[in-house]
Structures are given as structure tokens and as C-alpha cells.
Amino acid sequence: MTENTYTIRNLKKIYGQGETAVHALRGVDLDIPEGEFVVLLGASGSGKSTLLNIIGGLDRASEGTARFRDRELTTMSDRELTRYRRDHVGFVFQFYNLMPSLTARENVELVTEISRNPMEPDKALALVGLSERADHFPSQLSGGEQQRVAIARAVAKQPDVLFCDEPTGALDSTTGRAVLRVLRDVNETLGATVLVVTHAASQAAMADRVIRFSDGQVVEVRENDRKLRPEEIEW
Ligand SMILES: Nc1ncnc2c1ncn2[C@@H]1O[C@H](COP(=O)(O)OP(=O)(O)OP(=O)(O)O)[C@@H](O)[C@H]1O
């Protein structure tokens, strides 16, 4: 039997209370198997980021359970959640969040210096095809290159899970494809489970599993028999 990275049951998230309460997740049930490349689709406001934030240990659920392997996240203390994030999870966001005053290598070192089992920063930069740019500052790099530094930073700690919220949202499709290729390589060579939130529905063709959200609920889970390569995807 395949193990799950995440086992999620009746997960609910309510922001605020009373008349202004927002039901961002309305009872989500999901199994995310180890090592899969998963794409989350759904309209703006359907709850994708909220789910990512909860299972990434950045936010807390209002109700329900979310297990990472054999550990329950919803009952962890803040300290345990911080350790979980540090040891197991990498994040990539739409706007790269790099430190402008640090070079590409130094941005990666920020993470490797506090990680339990990091790879060499230069190896992480090589993995995303940026060995030649290690001494450049973010302002000297293109958007796609900056995003690849952000991916190198996230994977340098050798996370079990890589969360990507709109990683290609700010990029043209050629550059975006290069970024998707890197994410696929991370999934295949490091074996990390990769979860990508995207508005570009065509990117779902490169996933093992496609999860569609609507109004705080999962309305479809689809497994692809055949995955497309990033080069074959148009958006
Ligand atoms: N901190 C917050 N306080 C109050 N409401 C919030 C908060 N964060 C999110 N929401 C609401 O929760 C709902 C789900 O938001 P979420 O960001 O998860 O959606 P999403 O599917 O990721 O959207 P997008 O594709 O636009 O990023 C939305 O109605 C949003 O307005």
C-alpha cells in the first residue's frame, strides 16, 4: 500500500466570526500519497491557499484532522509546528521573496545554515540550472531566474514536501515552463511530494493527481494515466 504524505479529514477553516465569518474550508477530505506531483485548481477564493497554509504548518484549522505521515498537525504546539516546517517543508511563492541585498548563493545559505540535513547551496543552484549566477544579486536576475533561486532555497533543505503557490503566476509561459521543469526534477530526483496551486488549468496535465476546489470543498480528484512533460504544456 502506498503511504500518504497527508491524510486530511473533515478539515474546516473559518476566518472571523458571526455575520462576517468566512468559511474558507468546509470539510475537506483528501489523501495525498508519498512522492506525487499534485496540482490544486479552483477559482479565486475557493480555499486552495488556506489548505496549503494549514498543511504547511503556517495556519491552524478550525476543525477536523490533518496528518503528515503518522503525525497529527492540528494538535501540535506552535513550537512543534515550527519544527515541522523547518525539518520537512519547503515553500515557493508567486513573488519570490528573496533578500535583495544577498546574492543567489547567500539567499540559499539563509536556509541551509538552519537546516538539519541540507545540501550544499551550490548543488541546489546547480539543480535549478543557475550555477553561473550564484554570485548575482536578485536585481541582476530575470523573473524566472529569481523564481529558480527561490526554488533552490526551498529544496536546499531537502524537504519531504514542496509547496508552491502560483509559482509561475508572474512569469511568461516560456520562463514558466523552465520553472515547471525544475519542479518536476525536484519531484523525480529528490522524491519530494510537490503540491502546486495554479490558475493555469493546463498545468494539471503534468500532475499525478489533480484536485479541484470550489467554495471551500474538493469537488474533483483526478489521477492522470499519462503525464505531459512541461515542454508539452501551453498556457
Ligand atoms: N486571513 C483571512 N481572513 C479572512 N478571510 C480570509 C483570510 N484568508 C483567506 N480568507 C478568505 O478565505 C477564502 C479562501 O481564500 P484562499 O486564499 O484560500 O483562496 P484561494 O483559492 O487560494 O484563492 P486565490 O486563488 O485567489 O489565491 C476567501 O474567501 C478569502 O477571502
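**Two sheets, a shared helix and a ligand shell**

In the predicted model described here, Arg212 stands opposite Glu220, a residue of strand β10. This pair is a convenient way into the sheet that contains β10, an open sheet of six strands arranged in the order β6-β7-β8-β3-β9-β10. Pairing within this sheet is mixed. Its edge strands are β6 (89–92) and β10, each of which pairs on one side only. Direction ignored, neighbouring strands of the sheet are turned by 20° against each other on average. Helix α1 packs on this sheet and touches β3, β7 (161–165), β8 (193–197) and β9, with a direction that makes about 150° with that of β8.

Both senses of pairing can be followed by walking through β9. On one hand, strand β3 (residues 37–42) and strand β9 (residues 209–214) run in the parallel sense, joined over five bridges. Here Leu40 stands opposite Ile211 of β9. On the other hand, β9 pairs with strand β10 (residues 217–223) in the antiparallel sense over six bridges. Ser214 has Gln217 of β10 as its bridge partner. Strands β9 and β10 form a hairpin with two residues between them, and Asp215 in the turn has a positive phi of about 50°. For readers tracing side chains along these strands, it helps to recall that in a regular strand the side chains alternate between the two faces of the sheet.

The model also holds an open sheet of four strands, ordered β2-β1-β4-β5 and paired in the antiparallel sense. The edges of this sheet are β2 and β5 (71–72), each pairing on one side only. Strand β1 (residues 4–15) and β2 are joined in the antiparallel sense over nine bridges. Within this pairing, the bridge partner of Tyr15 is Val22 in β2. Helix α1 packs on this sheet too, touching β1, β2 and β4 (63–68), and the direction of α1 makes about 120° with that of β1.

Which residues lie around the ligand? The shell consists of Tyr15, Gly16, Val22, Ala24, Gly42, Ser44, Gly45, Ser46, Gly47, Lys48, Ser49 and Thr50. The bridge partners Tyr15 and Val22 therefore reappear here, as both are listed around the ligand by the 6 Å cut-off. Two elements, β2 (22–33) and α1 (48–55), each supply at least two residues of the shell. The largest share, three residues, comes from α1. By class, the shell around the ligand has three nonpolar, eight polar and one charged residues.

Turning to the helices, α5 lies across β6 and β7 and runs at about 170° to β6. Two helix neighbours of α5 can be described in detail. The axes of helix α3 (residues 104–112) and helix α5 (residues 143–155) come within 8 Å, crossing at roughly 30°. Helices α3 and α5 are therefore roughly parallel to each other. The crossing of α3 past α5 is right-handed. In this contact, Ala104, Asn107, Val108 and Val111 of α3 meet Val149, Ala152 and Arg153 of α5. These residues divide into five nonpolar, one polar and one charged.

The other neighbour is helix α6 (residues 173–190), whose axis comes within 9 Å of that of α5 and crosses it at roughly 15°. That angle makes α5 roughly parallel to α6. Helix α5 passes α6 in a right-handed crossing. From α5, the contact draws on Gly143, Gly144, Gln147, Arg148, Ile151 and Val155. From α6, Thr175, Ala178, Val179, Val182, Leu183, Val186 and Leu190 take part. Sorted by class, the contact of α5 with α6 has eight nonpolar, four polar and one charged residues.

Terms used:
Residues are numbered from 1 along each chain as its sequence is written. This is a predicted model: local features need pLDDT of at least 70, side-chain atom pairs count only at pLDDT 80 or more; totals for chains, interfaces and linings use all residues. Axes are lines fitted to C-alpha atoms, for helices over the stretch in contact, and angles run from 0 to 180 degrees between N-to-C directions. Angles under 35 degrees count as roughly parallel, over 145 as roughly antiparallel, 65 to 115 as roughly perpendicular and the rest as oblique. A crossing is left-handed if the near helix is turned anticlockwise from the far one by less than a right angle, and right-handed if clockwise. Two residues are in contact if their C-beta atoms, placed from the backbone, lie within 7 Å. Ala, Val, Leu, Ile, Met, Phe, Trp, Tyr, Cys and Pro count as nonpolar, Asp, Glu, Lys and Arg as charged, and the others, Gly among them, as polar. Two strands pair if DSSP finds at least two bridges between them.
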